[in-house]
Every structure is written in structure tokens, then in C-alpha cells.
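Let's take a walk through this model, going from strands to helices and then to the place where two chains meet. Keep the 3D view open as you read.

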Amino acid sequence: MKTSNNHRFLLATAIALYVAGCATVPPGPPSEVVRLQNDLDRLHSDPRIADNAGTELANADAAVDVLARNARVLDAREYEQGVFIADKLIGIAEASALARFEEQRGMQLGAERERLMARTTTIDSSTTTVVTRVPQRVVQTDTGELVPSARAELMSMQNQMPGVESRLDARGLVIRLGDFMFEPGRAELTPTAEQSLDQVARVLSTDTDAGIVVEAFGNDGLARERADSVRDYLDARGVDGGRIMARSVSYAPGAIASNDRRVDIVIQSDLRR
Amino acid sequence: MIRRSPIHRFGLLFIAALAVSGTAAAVDHDTATLELTQAVTAVQAAERDDAARYAPTDLDQAHVLLDSAQSAADGRDWTDVAIYSERAKVVGDLASSRARQHRAEVATAEIQRTVDSLRQQLGGAP
């Protein structure tokens with residue numbers, strides 16, 4: 001009888017512990033994981049981020065997914081490490097995508113700036129600059145420096161490089177890389193600049209006649225380093241480096257534009273033919 | 001410079017720990033040293049990316065974590081070295097990303113101001 005009572009007591013205790021256990025283990029993933037998942041949802045629903053997401057967002061997705069599936073089997077230290085790393089990967093995904101968004105917006109605004117500057121220049125020097133536009137996409141200046149067929153060829157090249165800031169002027173087709181296309185104070189290209197140069201290289205590698213001049217503006221050695229960096233990048237992408245003249249352009253002392261550290265790639269297609 | 005993707009580095013310790021229970025407690029000297037070297041590289045990259053100016057909080061945190069990793073290395077606690085290094089690396093990468101974001105925002109804002117000014121000069125014409 002006493003043994004039977006003990007069995008009943010143990011059984012009741014076991015049931016009580018089981019019920020208590022069930023009651024204290026919350027269903028679903030831990031709150032930190034839910035927070036991370038919510039952060040990811042926020043990134044995916046933000047068009048600035050979703051439309052510019054690179055591998056960083058996929059990495060963050062993968063990290064949170066692994067954490068969510070394994071949260072219950074990790075020990076405290078592993079779990080804490082996983083939450084920390086996943087949290088930072090989400091931050092990297094957000095910052096990287098927003099950087100791309102701003103860089104693209106900067107390129108669009110840069111093109112707009114060029115368009116507006118061209119208009120102000122025309123207004124300022126309307127008595128000395130004569131640009132004659134004739135049908136069939138052919139444009140000829142009063143100096144005769146550009147022949148119509150060459151100009152048309154440059155326009156065709158320009159059309160093959162959507163998203164690249166460029167314009168046609170007396171020098172030829174000018175592709176502009178702003179200061180922000182380089183790592184600050186360095187000659188390394190940003191990923192956005194590399195995307196632009198990939199398009200340029202694709203076009204130039206099919207036209208072996210075009211002359212190419214890379215002009216980096218600035219009054220120190222960095223300008224020349226940046227010019228060389230652009231030439232080397234194009235060379236690595238199939239454009240013969242021997243065709244490319246890389247040089248730096250110094251500003252006159254006190255020039256207003258002396259803080260403009262842009263790099264221009266000037267394409268002179270068949271201009272001398 | 002070739003940088004390993006965060007998920008690759010992330011995988012070294014964390015996912016390995018998931019695959020084999022207790023792996024984190026058995027980090028060897030070579031693995032820990034590799035992690036530490038990569039952490040130093042990531043933090044140096046963040047410094048070159050001007051994170052001190054654009055992402056100072058993240059860069060400071062990366063430095064603190066790197067110091068912890070180096071202290072753990074002095075004490076030959078390879079697990080702690082790997083854990084702190086992993087954190088320092090990812091925070092260094094975050095500092096670089098945020099620096100790039102802020103730099104792009106500053107550059108774009110400057111171009112926007114120029115465009116607004118030019119539009120004004122042209123009498124608000126589109």
C-alpha cells in the first residue's frame with residue numbers, strides 16, 4: 001500500500017513537472033530571434049534597401065534563419081554569439097544597400113547637374129558658342145572639330161552605357177567619375193564606380209579605334225594615382241592599356257573648382273579620321 | 001584587397017558550432033590566430049574607410065572587441081580569441097559599410113545643393 005502511494009506520488013510529480021515544463025517553454029523562436037526577423041522584414045519592405053540589396057542581405061537572411069532553426073539547441077554562449085553576429089550582419093545589409101541607393105541617386109543628380117550646367121553655359125556664352133544640330137543624330141560644331149559620323153558614333157556609345165554619367169562635348173564623349181566614386185583620400189574605386197567602368201569597358205573593348213584619355217583633377221599625387229587606377233581597371237577588363245593615356249590635371253592656384261577631384265574619361269572616337 | 005564575405009567568416013565559428021556540439025569550446029590556436037588576423041584586417045580597413053569620421057561608435061566598439069581578443073590571446077584562451085575576433089571583424093565590416101553610406105549621403109547632398117542652385121539660376125525651369 002505504501003509502495004502504491006509512492007508510485008502515485010511520483011507519477012503526480014512527473015505530470016506536474018511536465019505540465020510546468022510545457023507552461024514555461026514559450027512557443028516559437030526566442031524574443032531576440034523574433035526581433036532579428038522583424039528587422040529583416042523591415043529591410044525587405046523598404047524599397048530603397050530591397051531594390052539595392054546585395055549579398056549582404058542574403059547573408060543576414062541566412063544567419064537569422066540558421067539561428068532561428070537552432071536557437072533551442074545552442075548553449076548560452078553560442079546563442080549569444082549568433083544573435084550578436086546576425087544583428088551586425090543586418091546592420092551591414094542595411095548600410096550597404098542605403099549606400100548603393102545614395103550612390104545611384106548621386107549619379108542621377110550628377111547627370112542632372114551636367115544638363116543644367118550645359119544650359120547655364122549656353123546662356124552665358126551664347127554669342128561665342130554655336131552648336132548646330134542637324135537631323136539624323138548628327139551634330140557639328142562651328143570649329144569643325146567633330147565630324148558628324150564620329151559624333152554619331154560617340155552618341156551610339158553613350159546610348160550603350162545607361163546609368164553612366166556622361167556627356168558629349170568638343171573633346172568627345174566624356175564619362176565623369178565624381179570624387180565619391182573613389183574611396184576617400186585614396187585611389188581605390190568604389191563598387192559603384194566599378195559597375196560604371198564595367199559598362200565602359202564593354203563598349204570600348206568592341207571599338208579598338210577609339211582614343212581614350214583618363215584625366216584626373218587635383219593638385220597632388222593622388223590625381224595621378226586615380227588616373228592610373230582607372231586605366232588599370234579598364235585594362236583588366238579587356239581594354240588595351242596601351243590605348244589609354246592617363247594623366248593628372250592641376251588647377252591654377254586659387255581656382256574656385258580646385259576641390260573638384262573628379263576623373264574624366266574622354267573617348268575620342270575616330271575624331272581624326 | 002580581397003575581403004572574405006561576412007557569411008563565410010560567420011560560418012567559421014558560429015555555423016561550425018551549430019554543426020558539432022561543443023565545437024566552440026575546442027577552438028585551436030591556428031583557427032583563433034586566423035580569426036584574430038582577419039579581425040585586425042577588418043578594423044584596419046574600417047579605419048582606411050574613414051570610419052573614425054563617419055561611424056565612430058562602431059569603430060570604437062570594434063577596437064574594444066579587438067583589444068579583448070588580443071588580451072585573450074595573451075592568456076592563450078583560444079575560444080575567447082575566436083569569439084571576440086569574430087565580433088571585431090563583423091563590427092569592423094559594419095563600420096566600413098556605415099562609413100560608405102554616410103559618405104554617399106554627404107556627396108549626394110552636395111550635388112543636390114548644386115542642382116538646386118542651378119535650377120534657381122535658370123529661374124526654376126525643369
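Find Leu173(A) first: its bridge partner in strand 7 of chain A is Ile267(A). That pair belongs to a bigger pattern, since strand 4 of chain A and strand 7 (residues 263–268) of chain A run antiparallel and are joined by 5 bridges. Bear in mind that this is a predicted model.

Strand 4 of chain A also pairs with strand 3 (residues 166–169) of chain A; these two run antiparallel as well, with 4 bridges between them. Strands 3 and 4 of chain A make a hairpin, with 2 residues separating them. Look for Asp169(A) here: its bridge partner in strand 4 of chain A is Gly172(A).

Here are the two pairings side by side:

| Strands of chain A | Direction | Bridges |
|---|---|---|
| strand 3 and strand 4 | antiparallel | 4 bridges |
| strand 4 and strand 7 | antiparallel | 5 bridges |

Is strand 4 of chain A mostly covered or mostly open? Mostly covered: in this stretch, residues 172–177, 5 of the 6 residues are buried.

Now for the helices. Helix 7 (residues 191–204) of chain A packs against helix 8 of chain A at an angle of about 55°, and their axes are 9 Å apart. An angle from 35 to 65 degrees counts as oblique, so helix 7 and helix 8 of chain A are oblique to each other. The crossing of helix 7 of chain A past helix 8 of chain A is right-handed.

Which residues meet there? From helix 7 of chain A come Glu194(A), Leu197(A), Val200(A), Ala201(A) and Leu204(A), and they meet Val230(A), Tyr233(A) and Leu234(A) of helix 8 of chain A. Sorted by type, the residues of this contact are 7 nonpolar, no polar and 1 charged.

While you're at helix 8 (residues 221–236) of chain A, pick out Leu222(A), which lies in it. Leu222(A) counts as partly exposed because it has 17 C-beta neighbours inside 10 Å, and being buried would take 20 or more. Leu222(A) and Ala187(A) are 35 residues apart in sequence, yet their C-alpha atoms are 6.7 Å apart in space.

Last stop: the contact between the chains. Chain A puts in 37 residues and chain B puts in 35 residues. On the side of chain A that touches chain B, helix 4 (55–70) and helix 5 (76–124) of chain A are the elements giving two or more residues. Helix 5 of chain A gives the most, with 26 residues. By type, that side of chain A divides into 16 nonpolar, 11 polar and 10 charged residues.

Technical notes: Residues numbered from 1 in each chain as written. Chains lettered and ligands numbered in written order. Predicted model: local features only at pLDDT ≥ 70, side-chain atom pairs only at ≥ 80, totals over all residues. Buried ≥ 20, exposed ≤ 12 C-beta atoms within 10 Å, placed from the backbone. Contact = placed C-beta atoms within 7 Å. Nonpolar A, V, L, I, M, F, W, Y, C, P; charged D, E, K, R; others polar. Pairing = 2+ DSSP bridges. Axes fitted to C-alpha atoms, helices over the stretch in contact; angles between N-to-C directions. Parallel < 35°, antiparallel > 145°, perpendicular 65-115°, else oblique. Left-handed = near helix turned anticlockwise from the far one by under 90°.
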